[in-house]
Amino acid sequence: DGTFTALSPEDVQRLILSLEKSVGPQGMRKAARDQHAKRQPIACGVQMISGHSCSYACRYCYIQDWYPFVEPTPTELSGNEVLLSLLYNPNWIPSRDFIILGDVC
């Protein structure tokens with residue numbers, strides 16, 4: 001019906017346990033070390049970075065001020081590992097904070 005139900009802390013813990021079981025010990029270590037587990041959210045949410053770099057070289061883009069335009073590389077984490085990494089982040093609260101997609105770093 002389109003109604004949004006917030007996740008309780010118990011729901012979040014169940015989701016974490018399910019994801020940990022899914023990704024195994026190595027995936028858990030990768031998720032815990034990843035930047036998503038440590039990022040501070042900004043006013044509109046936490047940035048989810050799914051890859052690095054960009055090869056479009058748009059004339060208006062400020063990214064070239066930081067590094068050259070090169071072929072992008074995807075994150076080394078699986079989707080479940082990225083979600084687990086976000087859930088490990090004590091600064092991000094599911095059901096309160098948004099996830100920002102499309103960030104390039």
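Which residues does Leu19 touch, not counting residues up to four places away in sequence? Select Leu19 and show its surroundings: Asn80, Leu83, Leu84 and Leu87 are the ones in contact, where contact means heavy atoms within 4.5 Å.

A quick word before moving on. You're looking at a predicted model, in which local features need pLDDT of at least 70 and side-chain atom pairs count only at pLDDT 80 or more, while totals for chains, interfaces and linings use all residues. Residues are numbered from 1 along each chain as its sequence is written, and side-chain values use heavy atoms, with hydrogens and water left out.

**Stop one: the core**

Keep Leu19 selected and add Val12, Ile16, Val23, Ala31, Val46, Leu84, Leu86, Leu87 and Trp92; together these 10 residues form the largest nonpolar core. The term covers buried Ala, Val, Leu, Ile, Met, Phe, Trp, Tyr and Cys residues joined through side-chain atoms within 4.5 Å. Buried here means under 20% relative accessible area, exposed means over 50%, and partly exposed is in between (1.4 Å probe, protein chains only).

Now colour by helix. Both α1 (9-33) and α2 (79-88) supply at least two residues of this core, and α1 gives the largest share, with 5 residues. Helices are DSSP runs (H or I, at least four residues), numbered from the N terminus.

**Stop two: the charged pairs**

Next, hunt for salt bridges, meaning a side-chain nitrogen of Lys or Arg within 4 Å of a carboxyl oxygen of Asp or Glu. The whole structure has 3 of them.

Go to Glu81 and Lys30, whose side chains meet at 3.2 Å, N to O. Glu81 sits in α2 and Lys30 in α1, so this salt bridge ties together parts that are 51 residues apart in sequence. Glu81 is buried, at 8% relative accessibility, whereas Lys30 is partly exposed at 23%.

Then slide along α1 to Arg14 and Asp11, a salt bridge of 2.5 Å, N to O. These two are 3 residues apart in the helix, so about one helical turn separates them. Arg14 is exposed at 52% relative accessibility, and Asp11 is partly exposed at 25%.

Finish at Asp97 and Arg96, whose side chains form a salt bridge at 2.9 Å, N to O. Buried or exposed: which is Asp97? Asp97 counts as buried, at 18% relative accessibility, while Arg96 is exposed at 55%.
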